[in-house]
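Hello,

Here is the structure I promised to pass on to you. Please have it open while you read the notes below.

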Amino acid sequence: MRTNIVTLIIFSVLLALLSFVTISSIVTVAAFRTTSIRTHRSRAINPLTILSSSSSSSSSSSSSRPDKKKMKTKKKTAADTFLLLEKLDEQIESYEGRLPSKMTAQKKIDENIDTENEMTTNTTITNVSNDDQQHRCGYAGIVGAPNMGKSTLLNSLLKEDLCIATRRPQTTRHAILGVLSSPTKQCCLLDTPGVLQGDGAYQLQANMMEAVKGALTDSDMIVVVTDLFSTPIPDDNVFRRLSETTKPVIVVVNKIDLEGRAKRPDETTIQSKKDDEEEEEEEFEKTYTVVEAVEKWRSLLPNALAIIPLMASVSNNDDSLKASNTTTDEHPGISLLRQILIGCDTNDEHDIPAMVRALGRPIPGMFRNGVKSLTNDDVKQLLPIGPPLYDDDFLSDRSVRFFCSELVREALLESRYLKKELPYCCEVQITDYKEPREDNITRIEATIFVERDGQKAIIIGKNGDVIKQVGIIAREKIERFLDGEKVFLQLRVKINKDWRKREDQLAKFGYSN
Ligand SMILES: Nc1nc2c(ncn2[C@@H]2O[C@H](COP(=O)(O)OP(=O)(O)OP(=O)(O)O)[C@@H](O)[C@H]2O)c(=O)[nH]1
Ligand SMILES: [Mg+2]
C-alpha cells in the first residue's frame with residue numbers, strides 16, 4: 001500500500017514537472033517569435049511605428065506628426081497590429097524578393113549568400129516564372145546626374161508633390177522613398193541625390209553619394225534619368241555599375257520639351273570654345289534631338305530594357321514646374337513608366353504596346369537590338385514576388401516634419417536673394433510642430449543652420465528682409481503640402497560651424513554614412 005502511494009506521488013510530481021516544462025517552452029517560443037517578427041521586420045513594414053504614430057499624434061500636440069494624411073492608412077488598433085504581425089509572419093516566409101539593405105544583410109547571413117552575387121531579379125524570375133498570379137513588390141532606384149528631373153519624375157509617377165525640385169543641382173540630399181501601389185504590385189521608388197564626380201568637396205556630398213550607392217544595391221530595378229542633352233553620369237564607378245548590372249534598367253530621357261528650343265552650337269562657337277584657355281571643363285558631347293538622345297543612351301547602355309523619352313514636368317516655368325496632379329495632362333511616357341512599374345491589367349487602355357504606340361513614332365534604339373516594342377510579358381516579372389511592404393495608400397516613410405524642412409530648404413534654394421553657394425550651406429530642422437487647436441493654425445518652428453557668421457547675416461538680410469521673404473514662400477509651400485491647412489511658420493538662423501564637414505553633425509541631421 002505504502003509502495004503504491006509513493007509511486008503515485010512520484011508519478012504526479014513527474015507529471016507536474018513535465019507539464020511545467022512544456023508550458024514554459026511554448027511561452028518561450030511564442031515570446032521569441034514575437035520578438036523576432038518585430039525586430040526582423042521593423043524596417044520593412046514597421047507596424048509598431050504605425051501604431052505609435054497613431055497614438056502620438058493624438059496624445060501630444062507638439063509632437064511631430066508622423067505622416068501626411070495620405071501617407072498612411074487608417075489608424076491601427078493594438079488588435080489590428082497583432083493580426084498584422086501574424087499576417088506578416090506568413091507573408092515574410094513566402095517573400096522571395098529583396099529586402100532593404102539592413103534586412104538583406106541579415107538575410108544574406110542567414111542564407112549564406114555570396115555578397116557579390118546579390119539576389120537579382122533575374123534569379124527570382126527563373127524561380128517563379130510559372131507563377132504570374134502572385135503579388136509582386138520591390139524597390140526601383142531612380143538615379144542620374146544632378147538636375148535631370150529625378151525628383152520631378154518621382155512626383156509625377158506618384159501624382160503628389162512629395163520631393164522638392166528646383167532649378168539648382170544637388171537639390172535632393174537623401175534617398176527618399178515614394179510608394180506606388182496597385183492591386184497586384186507595389187513599387188517602392190527611391191529618389192536619390194544627383195550623382196557627383198567622386199565624393200564631392202564636402203563630407204556631406206560623400207554621404208549623399210553613399211545614399212545613391214545604397215539605393216543601387218538595394219533596388220530590384222533601376223530607372224536612370226538623363227535629359228534631352230544626354231547629360232552623362234559624372235562618376236565612372238556609378239556608371240560602370242549601371243552598365244554591368246544584371247538588374248533591369250530603364251532609361252528615361254527627360255525634358256524632351258526642350259527639343260527645338262535649345263540651339264545646337266555652330267562650328268565657330270565650338271572652335272572658339274576649344275580655343276578658350278579659360279574653359280576648364282571638357283564639354284560633353286550633347287545631343288539636341290530625342291532621336292539622338294535615344295541612340296546615344298542605347299549605345300551607352302545596350303542592355304537597357306527600354307529608353308523612354310518623356311517630360312516629367314509640363315512646362316519649365318517656375319511654379320508650373322511642379323508635376324501636375326491630374327492624369328489628363330501627364331505625358332504618355334509617364335503613364336507608360338507607371339504601367340511598367342506597377343501595371344496589372346492589360347485592357348486596351350493599359351496595354352503596354354498600346355501605351356508605347358501612344359508615345360508617337362517608334363524611335364530606333366528605344367528597345368533592345370532586334371526588339372520592336374515592349375510587351376506585357378516583358379514587364380510582368382520586373383519586381384520579385386512578395387507581399388506589399390506598405391499599405392496601398394502609404395506614400396512615404398518620411399515624416400511630415402521632414403517634408404516641411406525640405407520645403408523651407410526649397411524656398412532657400414529658390415530665393416533670388418541667395419545666390420550661388422549660399423543655400424548649399426543651409427540645413428533645416430523643424431524644432432517644433434504644433435497641431436492646430438481652436439484657431440485651426442498649425443504652428444511650426446524651423447531652424448536654418450549655416451556654417452558662418454557672414455552666411456547668417458546674408459540669410460537674415462537687411463532688416464530681416466531676406467528671411468521674411470523665404471518665410472512667406474516656405475509657409476505657402478507648407479500650406480499647399482498640408483492640403484490647405486493654415487500655417488504659422490517661425491524661422492530662426494543658427495550657426496553650426498562647418499556642419500557639412502563634420503560627421504557628428506551630419507549624423508545628427510540624418511546623413512548617416
Ligand atoms: N523643361 C523641363 N524641365 C524639367 C522637366 N522635368 C524637370 N524639369 C526641371 O528640371 C529641374 C531639376 O529638376 P529636379 O527634379 O530637381 O532634378 P533632380 O534630378 O532631382 O535634381 P537633383 O536633386 O539636384 O539631383 C527643375 O527646375 C525641374 O522643374 C521637364 O520635363 N522639362
Ligand atoms: Mg532631386
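Below is what I found, starting with the overall picture and then turning to a sheet and a cysteine.

Please keep in mind that this is a predicted model. The protein has 513 residues, and 37% of them are buried. You will find 17 helices and nine strands in it. Of the contacts between residues at least 6 apart in sequence, 73% join residues at least 24 apart.

A good place to begin is the open sheet of six strands, which has mixed pairing and runs in the order E2-E3-E1-E4-E5-E6. Its edge strands are E2 (176-181) and E6 (306-309), each of which pairs on one side only. From one strand to the next, the twist averages 25 degrees. Six bridges join E2 and E3 (residues 185-191) in the antiparallel sense. Leu177 has Leu190, in E3, as its bridge partner. Lying across E1 (136-144), E3 and E4 (221-227) is helix H7 (residues 203-218), which runs at about 145 degrees to E1.

Now to Cys425, which sits in the loop between helix H14 (400-414) and strand E7 (427-434). Is Cys425 buried or exposed? Cys425 counts as buried because it has 23 C-beta neighbours inside 10 Å, and the cut-off for that is 20 or more. Leaving aside neighbours within four places in sequence, Cys425 is in contact with Val450, Glu451, Gln455 and Arg500. Of these, Gln455 is 30 residues from Cys425 in sequence, with 8.2 Å between their C-alpha atoms.

Enjoy looking around!

Best wishes

Notes:
Residues numbered from 1 in each chain as written. Chains lettered and ligands numbered in written order. Predicted model: local features only at pLDDT ≥ 70, side-chain atom pairs only at ≥ 80, totals over all residues. Helix = DSSP H or I, 4+ residues; strand = E, 2+ residues; numbered from the N terminus. Buried ≥ 20, exposed ≤ 12 C-beta atoms within 10 Å, placed from the backbone. Contact = placed C-beta atoms within 7 Å. Pairing = 2+ DSSP bridges. Axes fitted to C-alpha atoms, helices over the stretch in contact; angles between N-to-C directions.
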